[in-house]
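Me: Could you take a close look at one part of this structure for me? I'd like to hear about charged side chains that pair up, and then how they fit into the wider picture.

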Amino acid sequence: MGLGSAATRTANPLLLALLVSASAYVVATHRTATPAARSYTAFAKLALAVLLIRLFFAVALGSPIPGTHTLLTLPEVPLPHWAQGIRLGGRVTAEALVFAAYDGLKLATLLICVGAANALASPGRLLKSLPGALYETGVAVVVALTFAPHLVADVQRLRAARRLRGRPDRGLRGLLQVGLPVLEGALERSVALAASMEARGYGRSAEVPARVRRTTAALTLGGLLGVCAGTYGLLTAEGGSYGLPVLLAGVAAALAGLKLGGRRSLRTRYRPDPWDARAWLVAGSGAAVAALLTLASTRDPQALHPGVVPLVAPTLPLWPAAAVLLGLLPAFAVPKEPS
């Protein structure tokens with residue numbers, strides 16, 4: 001997720017390719033034979049589709065980016081006056097295509113990094129690491145994270161079954177024949193999950209004094225407002241003096257609110273998952289990449305956002321590229337789990 005955050009700070013295709021390569025290498029060395037791990041390929045295909053769709057829109061609908069290098073001219077469809085600012089067809093320039101490719105590659109890199117998080121992170125361990133106040137929200141997030149991997153596994157299983165029976169599994173007909181059983185399986189899984197959550201007492205909360213509830217709400221809301229104000233102060237030149245203290249105070253208040261809010265949770269921890277040095281290394285390496293690329297985007301914006309007017313070839317900035325390579329540390333420092 002840190003690499004995905006870093007991808008939003010740059011449009012340099014060389015740095016984005018490094019981010020994709022780093023996440024792909026970690027996935028290749030540490031993923032196991034689970035439905036979540038197999039979903040990485042689906043996310044990669046989705047990222048490629050997003051990139052192609054972005055290029056198609058740039059060709060078909062035009063782009064506000066001016067350009068002088070005309071690649072081709074498509075027949076332009078006249079539109080009514082109320083559709084000003086939109087065009088269909090017309091001149092396609094190299095500058096517009098390169099800008100669309102940079103924009104689409106950024107989103108594609110973000111999707112691939114999210115796919116890597118789905119392939120490697122255990123939803124169960126994630127839920128055990130959350131504070132009690134966020135348990136119910138964490139359950140909803142974990143259910144959402146496991147939806148796509150299970151859906152991909154169902155599609156692969158049904159396609160393999162159709163191939164064994166000599167039936168088509170590709171094309172529109174194959175998609176329709178596979179889609180209905182996948183939808184039925186997803187609905188059955190949802191009903192079973194709802195029943196199991198109800199049987200385990202999901203949503204129950206302990207009775208706490210009204211004074212504690214009000215204090216919790218005040219600390220949490222005040223902390224979030226402090227985080228927003230402090231972040232705004234850090235991003236503006238005028239708020240450099242108060243931004244960091246307000247941000248730290250907001251984080252402290254929000255953490256205190258979460259600590260008090262955990263009193264309403266009735267759950268217990270069986271075999272708690274400790275947060276050890278390797279966990280700090282994995283989280284810290286991703287956070288370091290995101291922080292260093294954020295710093296690089298303010299120090300050298302031209303290198304991280306290559307221009308397209310005039311059209312110039314992107315260059316690889318050295319220290320941001322070295323910062324991206326920090327994302328490879330988990331591949332060497334964390335032992336691979338047995339399959």
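Which residue forms a salt bridge with R54, and how far apart are the closest N and O atoms?

Reply: Happy to! This is a predicted model, in which local features need pLDDT of at least 70 and side-chain atom pairs count only at pLDDT 80 or more, while totals for chains, interfaces and linings use all residues. Residues are numbered from 1 along each chain as its sequence is written, and side-chain values use heavy atoms, leaving out hydrogens and water.

The partner of R54 is D103, with 3.2 Å between the closest N and O atoms. A salt bridge here is a side-chain nitrogen of Lys or Arg within 4 Å of a carboxyl oxygen of Asp or Glu. D103 sits in helix 4 (residues 94-120) and R54 in helix 3 (residues 35-61), so this pair links distant parts of the chain, 49 residues apart. Helices (H or I, at least four residues) and strands (E, at least two) are DSSP runs, numbered from the N terminus. Both partners are partly exposed: D103 has a relative accessible area of 34%, and R54 one of 25%. For these classes, buried means under 20% relative accessible area, exposed over 50%, and partly exposed in between (1.4 Å probe, protein chains only).

By this rule the chain has three salt bridges. Another joins D154 to R189, at 2.5 Å from N to O. Because D154 lies in helix 6 and R189 in helix 7 (residues 171-199), this bridge ties together parts that are 35 residues apart in sequence. Salt bridges with shared partners join D154, R157 and R189 into one network. Within it, D154 also meets R157, with 3.5 Å from N to O. Those two residues are three places apart in helix 6 (residues 135-164), so about one helical turn separates them. An α-helix has 3.6 residues a turn, so residues three or four places apart point the same way. As for exposure, D154 counts as buried at 9% relative accessibility, whereas R189 is partly exposed at 30%.

Now for the wider picture. The chain has 13 helices and two strands, and 29% of its 339 residues count as buried. With a contact meaning heavy atoms within 4.5 Å, residues 24 or more positions apart account for 74% of the contacts with a separation of 6 or more.

R54's surroundings also appear in a record. An unreviewed UniProt entry lists residues 40-61 among its "transmembrane region" spans; UniProt positions are given in the numbering used here, feature names are shortened, and annotations may be inferred rather than shown by experiment. In the model, residues 40-61 are 100% helix and 0% strand, with end C-alpha atoms 31 Å apart. The record's span 316-334 is listed too; there the chain is 63% helix and 0% strand, and the end C-alpha atoms lie 29 Å apart.

One uncharged residue rounds things off: S23, found in helix 2. At 5% relative accessibility S23 counts as buried, and a polar atom of its side chain lies 3.0 Å from the backbone oxygen of V20. Not counting residues up to four places away in sequence, S23 touches L3, Y40, I112, C113 and A116.

Note on methods:
A polar contact is a pair of N or O atoms within 3.5 Å; within protein, one must be able to donate a hydrogen and the other to accept it, and residues adjacent in sequence count only if both atoms are side-chain atoms.
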